[in-house]
Structures are given as structure tokens and as C-alpha cells.
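Trainee: Please choose one part of this model and take me through it closely, explaining each term as you reach it. I would also like to see how that part relates to the rest of the chain.

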Amino acid sequence: MPTTEVVTVQRRRKYHWPEAQLNFWLLIIWVAAGLNLGVFANFMTIQQQMNLGIPWLFPYMVTVSALAIIFLIIFMILIMQRQLLPGIVMVFSFILFVLWLAGLIETAIEFLGPNGGVNGNCNLYVLGQSYSGVSIDTLAYLEQKSICQSWQAAFSFEIVGCVFFIWMIVMASQVNRDQYE
């Protein structure tokens with residue numbers, strides 16, 4: 001009785017990612033995630049020090065930013081192993097986009113809100129003032145100004161993060177269709 005031998009050959013598909021765009025994307029998302037993680041962790045510390053309640057936005061953005069950093073670490077490991085698959089990138093970028101967008105919406109409500117939004121209060125009570133010299137008033141002013149600028153930076157980089165996650169979804173779909181060969 002003759003034996004039949006079945007041989008299967010597996011071909012591994014190579015995906016060509018545009019290096020400059022990928023590196024730029026990585027840099028900006030690292031900055032956005034790190035900035036939001038630090039800013040909202042600092043806000044939580046300030047709220048605790050002042051014995052105030054912590055709004056849900058602060059731990060939410062800390063968690064979302066930490067998830068983005070974990071995604072970036074996995075992303076970089078896959079890049080080093082040359083196993084970065086567009087489908088995985090699209091799925092995780094979409095998930096992070098939705099989470100980031102929810103944080104952006106709440107940040108916009110708090111920052112630009114109609115009744116006592118952070119930006120309005122900053123413009124009214126902090127940024128229009130000027131203190132100098134060695135005094136407790138100057139120190140308080142500098143801390144308030146720092147908090148206002150932290151809100152501005154967090155809001156700005158949440159917008160940037162949303163745009164860049166959409167960009168990564170588009171770029172990954174183009175890589176999947178071999179448009180970068």
C-alpha cells in the first residue's frame with residue numbers, strides 16, 4: 001500500500017509600514033499618553049490633598065492613558081519582531097480612539113463648560129492677574145497658572161490623540177492593501 005505524503009507550505013505575508021510616518025505617530029502618541037497620564041494623575045493628587053472628591057474623568061483618563069502606553073509597548077515589541085499586523089493595529093487603534101474620544105468629550109464639557117468651565121475661570125481669575133516677588137500670593141498664582149496650563153495641554157493632546165488614532169486606522173488599512181510598497 002503506497003503512502004501519500006502531504007506537504008504544506010506556509011507563506012508569511014510581509015507588511016510594509018512607512019517608517020517615517022510610523023515613527024512620527026509613535027512619538028506623538030507617546031507624548032499624548034504620557035502627558036495625559038501625568039496631568040490627570042496630578043489632578044487626582046491635588047483633589048486628594050484638598051480633601052475634594054475626584055471626578056470620574058481623572059481616573060478614567062489615567063486608565064485610558066495607561067492602556068495607550070501598554071498598547072504602544074506591545075506595538076513596539078511587534079515592530080522589533082517584524083510581526084506588526086494591520087488588523088491588530090486597526091482594532092486597538094479603534095478601541096483607544098473610542099476611549100480617548102469619551103475622555104475628550106468630558107474634558108471639553110469641564111474645560112469649556114457654559115457655567116463655570118475651567119477655561120472661563122482661568123481666564124477670569126488667573127490668567128488676567130500678575131504677581132511677582134517672593135510671597136505666598138505669587139506661589140499660589142504660579143500653582144493656579146500651572147493647573148490652568150495643564151488643563152489646556154490635556155485638552156489639546158486629547159484632540160491630537162483622537163486625530164492620530166484615526167490616522168493610524170487609515171494608515172493600517174493602507175498597509176493592509178499594500179499601498180506603501
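Mentor: Let us begin with pLDDT, the predictor's confidence in each residue, which runs from 0 to 100, and with helices, which are DSSP runs of H or I at least four residues long, numbered from the N terminus, as are strands (E, at least two). Residues are numbered from 1 along each chain as its sequence is written, and because this is a predicted model, local features need pLDDT of at least 70 and side-chain atom pairs count only at pLDDT 80 or more. Totals for chains, interfaces and linings use all residues, while side-chain values use heavy atoms, with hydrogens and water left out.

The part I choose is helix 4, where confidence is lowest in the chain, at a mean of 87, whereas helix 1 has the highest, at 96. For the chain overall the mean pLDDT is 91, with 96% of the residues reaching 70 or more.

Helix 4 covers residues 118–126, and its buried residues are Val118, Cys122 and Val126; here buried means under 20% relative accessible area, against over 50% for exposed and in between for partly exposed (1.4 Å probe, protein chains only). These three lie on the same side of helix 4, because they cover an arc of only 40 degrees around its axis, the arc being that of the directions from the helix axis to the C-beta atoms. Helix 3 and helix 5 are among the parts that cover these buried residues of helix 4.

Helix 4 is also joined to helix 5 by a covalent link, for a disulfide, meaning a pair of cysteine sulfur atoms within 2.5 Å, connects Cys122 with Cys148 at an S to S distance of 2.0 Å. The count by this rule is 1 disulfide. Cys122 sits in helix 4 and Cys148 in helix 5, 26 residues apart, so the pair links distant parts of the chain. The angle about the S-S bond is -95 degrees, and the link is left-handed. Both ends are buried, since the relative accessible area is 6% for Cys122 and 4% for Cys148.

Helix 5 also holds Ser150, which counts as buried because its relative accessibility is 16%. Setting aside neighbours within four places in sequence, Ser150 is in contact (heavy atoms within 4.5 Å) with Val39 and Phe43.

To place helix 4 in the wider picture, consider the largest nonpolar core, a set of buried Ala, Val, Leu, Ile, Met, Phe, Trp, Tyr and Cys residues joined through side-chain atoms within 4.5 Å. This core has 45 residues, and those touching the most other members are Trp17, Leu22, Trp25, Phe40, Phe75, Trp100 and Met168. Helix 4 supplies at least two residues of the core, as do helix 1 (19–49), helix 2 (57–80), helix 3 (86–112) and helix 5 (136–176), with helix 5 giving the largest share, 12 residues. Trp25 shows how such a member is surrounded, for beyond its neighbours within four places in sequence it contacts Phe71, Leu72, Phe75, Phe164, Phe165, Trp167 and Met168.
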